[in-house]
Amino acid sequence: MVLPIYTFGHEKLREETEPVESDSEELQELIDDMIDTMYAAAGIGLAGPQVGRSERLFVIDVSPMAEEIEDAGQEVPPQPMVFINPEIVAESEVTTDYEEGCLSIPDVRETVTRPEAIRIQYLDRDFEKQEREVGSMLARVIQHEFDHLFGVLFTDHLGSFRKRMVRRSLRKIANGEVDADYPLVTAEGERV
Ligand code: NI
């Protein structure tokens, strides 16, 4: 089932999520819904708070960037991937710049600097412990989604000048002047 995506200004996007305690039918259903929602919005990642949830989990599907990832010498694991209770346990000192967007912040794209590679521990959807070292676009998408679990949005990473440049667009979205070709929830909680 496709869920509406909460947009910038909604307090849910600023809340820290709670670790998932156990597997359940409801959790598996939520994972399926989040994957459906990500695909319906043509996104490459989606985190719990973006569909108004407090569970610490996100889903990604980086298939559209497979070539880019392979060109960077990285393997592309089977997609989609589910990350439950993830922890970033190491990050490279080397950083990269890349233009990011977010399904919760339609039509805003800005360059964000992030560590080029990370090591992440998490549970997959079968509740199997996983640990991976990832780089390139995989590391980028994972870090973006990971941030969502702690109330952090990509625009928070911008320098003061770029922040000022996007302030107007963000204020508009927060005021409910937002439109996308997938269902949304405005900052005020209205479905559009
Ligand atoms: Ni996002």
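A nickel ion sits in this predicted model, held by three donor atoms: SG of Cys102, NE2 of His144 and NE2 of His148. The distances from metal to donor run from 2.1 to 2.3 Å. Beyond the metal site, a search of the whole structure turns up twelve salt bridges, and four of the charged residues, Glu100, Arg114, Arg140 and Asp147, are linked in a network.

**The nickel site**

- Reading along the sequence, the donors follow the spacing C-x41-H-x3-H.
- Cys102 belongs to strand S5 (residues 95-102), while His148 belongs to helix H3 (residues 136-148), so this pair ties together parts of the chain that are 46 residues apart in sequence.
- Are these two donors buried or exposed? Cys102 is buried, with a relative accessible area of 10%, and His148 is buried too, at 1%.

**Arg114, Asp147 and their network**

- Arg114 pairs up with Asp147 in a salt bridge, and their closest N and O atoms are 3.1 Å apart.
- Strand S6 (residues 105-115) supplies Arg114 and helix H3 supplies Asp147, so the bridge ties together parts that are 33 residues apart in sequence.
- Both ends of this bridge are tucked away: Arg114 counts as buried at 4% relative accessibility, and Asp147 counts as buried at 13%.
- These two residues don't act as an isolated pair, as Glu100 and Arg140 are linked with them in a network of salt bridges.
- Helix H3 turns up in both stories, with His148 at the nickel ion and Asp147 in the bridge to Arg114.

**Arg119 and Glu131**

- Here the closest N and O atoms of the salt bridge are 2.7 Å apart.
- What does this bridge tie together? Arg119 lies in strand S7 (residues 117-123) and Glu131 in strand S8 (residues 129-135), so the pair connects parts that are twelve residues apart in sequence.
- Arg119 is partly exposed, with a relative accessible area of 31%, and Glu131 is partly exposed as well, at 41%.

**Arg53 and Glu55**

- One more salt bridge joins the side chains of Arg53 and Glu55, with 2.8 Å from N to O.
- How accessible is Arg53? Arg53 is partly exposed, with a relative accessible area of 33%.

Terms used
Residues numbered from 1 in each chain as written. Predicted model: local features only at pLDDT ≥ 70, side-chain atom pairs only at ≥ 80, totals over all residues. Heavy atoms only, no water. Donors = N, O, S within 2.8 Å, 3.2 Å for Na, K, Ca; no water. Helix = DSSP H or I, 4+ residues; strand = E, 2+ residues; numbered from the N terminus. Buried < 20%, exposed > 50% of the residue type's maximum accessible area, 1.4 Å probe, protein only.
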